[in-house]
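The exercises below are meant to be worked with the sequence and the coordinates side by side. Try each task before reading its solution.

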Amino acid sequence: MDYLELNIPPFPYLVTINKFFSPKGFIHEARNFSLYDIIIVCQGVFPITEDNIAYELHENQMLVLEPGKFHFGHKPCPVNTLLYYLHFSHQTSSQTIHSRNIQWNKVFPITSYHDLEPQPQKLYIPKYVDLKVNQYVPILEEMVALRNHPVLNNMLPLQSAFSQFLVFLQKTTRDQTFSRSEQICDSIIHYLYNNMDQSFQLETMAQQLNYTIDYLSKCLKKHTGLTPLQYLNHIRIKKAVTLMEHTDLTLQEISHQVGIFDYNYFFRLFRKHIGMPPAKYRARLFSGK
């Protein structure tokens, strides 16, 4: 499955949404405009061509038309058709990427109170996909209702609902393309989170998950870029930062709670991930407060 990859922030902005009845014989106008256009067909058939690629959207299918690409209805709708369309803008251009090349579990640096800039991230929207439209109808109808009552109090909820729609769309379509290695990657991550506070042995994890160490390491590396120990250390330090910010536990107690029983090792890991020793981080945290 191909996805449109968008850089965020900023997040896409919904311009309009509507539910549209297209009678038999309707032909979509020819145009090229500056917005993304999501078309979701609930009933019927909707023929549309974009840059010489012809699509026939059937019930429970979605297509994203891209800004700057010429699109038009290449023939009349053969039957009465009901669809939703969503127009949204985004400040940067997108690129197309296949689902197998997306690292869904990619790890980002741990953020803390002294970060001043948001981390660059990616948003993935499927280009052309089969959907269970009934799953999306409640949030689509909520957006249509907010759009039809355009008062100040509804504008932020409208954009929030659009964000929720994109999150749900990315999640549900990701699950459709989930490979075996991605399923195993998720199992490894689940295991590491559940056993974070225990001494870690690759052999024990391999026995629990019933795969070889090499295969487990290969799956995790493919989808996160990290080995099991690197991933475990990342989530341990992430939890340590949370404990520092929200508890009065000593640094040694925090080290033990995240499964690192050698404080010198904890010290080195923390400085590597955060950029400063744990005591200095805590001192800056409390001076900030």
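## Exercise 1: The length and cover of a helix

Helix 3 covers residues 180-194, and with 15 residues at 1.5 Å a residue it should span 21 Å, which agrees with the 21 Å between its end C-alpha atoms. The model is a predicted one.

Task: find which residues of helix 3 are buried, and what covers them.

Solution. Begin with the cut-off, since a residue is called buried when its relative accessible area is under 20%. In helix 3 the residues that meet this condition are Ser181, Glu182, Ile184, Cys185, Ile188, Ile189, Tyr191 and Leu192. For the spacing of such a list it helps to recall that an α-helix has 3.6 residues a turn, so residues three or four places apart point the same way. The next step is to look for the cover, and what lies over the buried residues of helix 3 includes helix 4, helix 5 and helix 6, the last of these being residues 228-246.

## Exercise 2: Two peptide bonds in one loop

Task: determine what kind of peptide bond joins isoleucine 8 and proline 9, and what kind joins proline 9 and proline 10.

Solution. Take omega for each bond in turn. Between isoleucine 8 and proline 9 omega is about -5°, and the bond is cis; between proline 9 and proline 10 omega is about 0°, and this bond is cis as well. Then place the residues: proline 9 is in the loop that runs between strand 1 (2-8) and strand 2 (13-22), and proline 10 lies in the loop between strand 1 and strand 2.

## Exercise 3: Positive phi outside glycine

Task: locate asparagine 60 and asparagine 210, and decide for each how far it is exposed.

Solution. Start from the backbone, where asparagine 60 has a positive phi of about 70° without being a glycine, and asparagine 210 has a positive phi near 65°. Asparagine 60 belongs to the loop between strand 5 (53-58) and strand 6 (61-65), and because its relative accessibility is 27%, it counts as partly exposed. Asparagine 210 sits in the loop between helix 4 (202-209) and helix 5 (213-224); its relative accessible area is 66%, so it is exposed.

## Exercise 4: A histidine and a glycine

Task: state whether histidine 87 is buried or exposed, and which residues glycine 225 contacts beyond its neighbours within four places in sequence.

Solution. Histidine 87 lies in strand 8, residues 81-89, and because its relative accessibility is 10%, it counts as buried. Leaving out residues up to four places away in sequence, histidine 87 touches a set of residues that includes Tyr13, Val15, Arg31, Phe33 and Asp37. Turning to glycine 225, which lies in the loop between helix 5 and helix 6, its relative accessibility of 29% makes it partly exposed. Its contacts, with neighbours within four places set aside, are Gln103, Leu220 and Gln230. The C-alpha atom of glycine 225 is also separated by 8.8 Å from that of asparagine 105, although the two residues are 120 residues apart along the chain.

## Exercise 5: The chain as a whole

Task: state how the radius of gyration of the protein chain compares with that of a compact globule of 289 residues.

Solution. A compact globule of 289 residues would have a radius near 19 Å, whereas the protein chain has 24 Å. The box filled by its C-alpha atoms along the principal axes is roughly 75 × 50 × 30 Å. Within the chain there are nine helices and eleven strands, and 44% of the 289 residues are buried.

Definitions and conventions:
Residues numbered from 1 in each chain as written. Predicted model: local features only at pLDDT ≥ 70, side-chain atom pairs only at ≥ 80, totals over all residues. Heavy atoms only, no water. Helix = DSSP H or I, 4+ residues; strand = E, 2+ residues; numbered from the N terminus. Rg over C-alpha atoms; globule rule 2.2 N^0.38 Å. Buried < 20%, exposed > 50% of the residue type's maximum accessible area, 1.4 Å probe, protein only. Expected span 1.5 Å × (residues − 1). Contact = heavy atoms within 4.5 Å.
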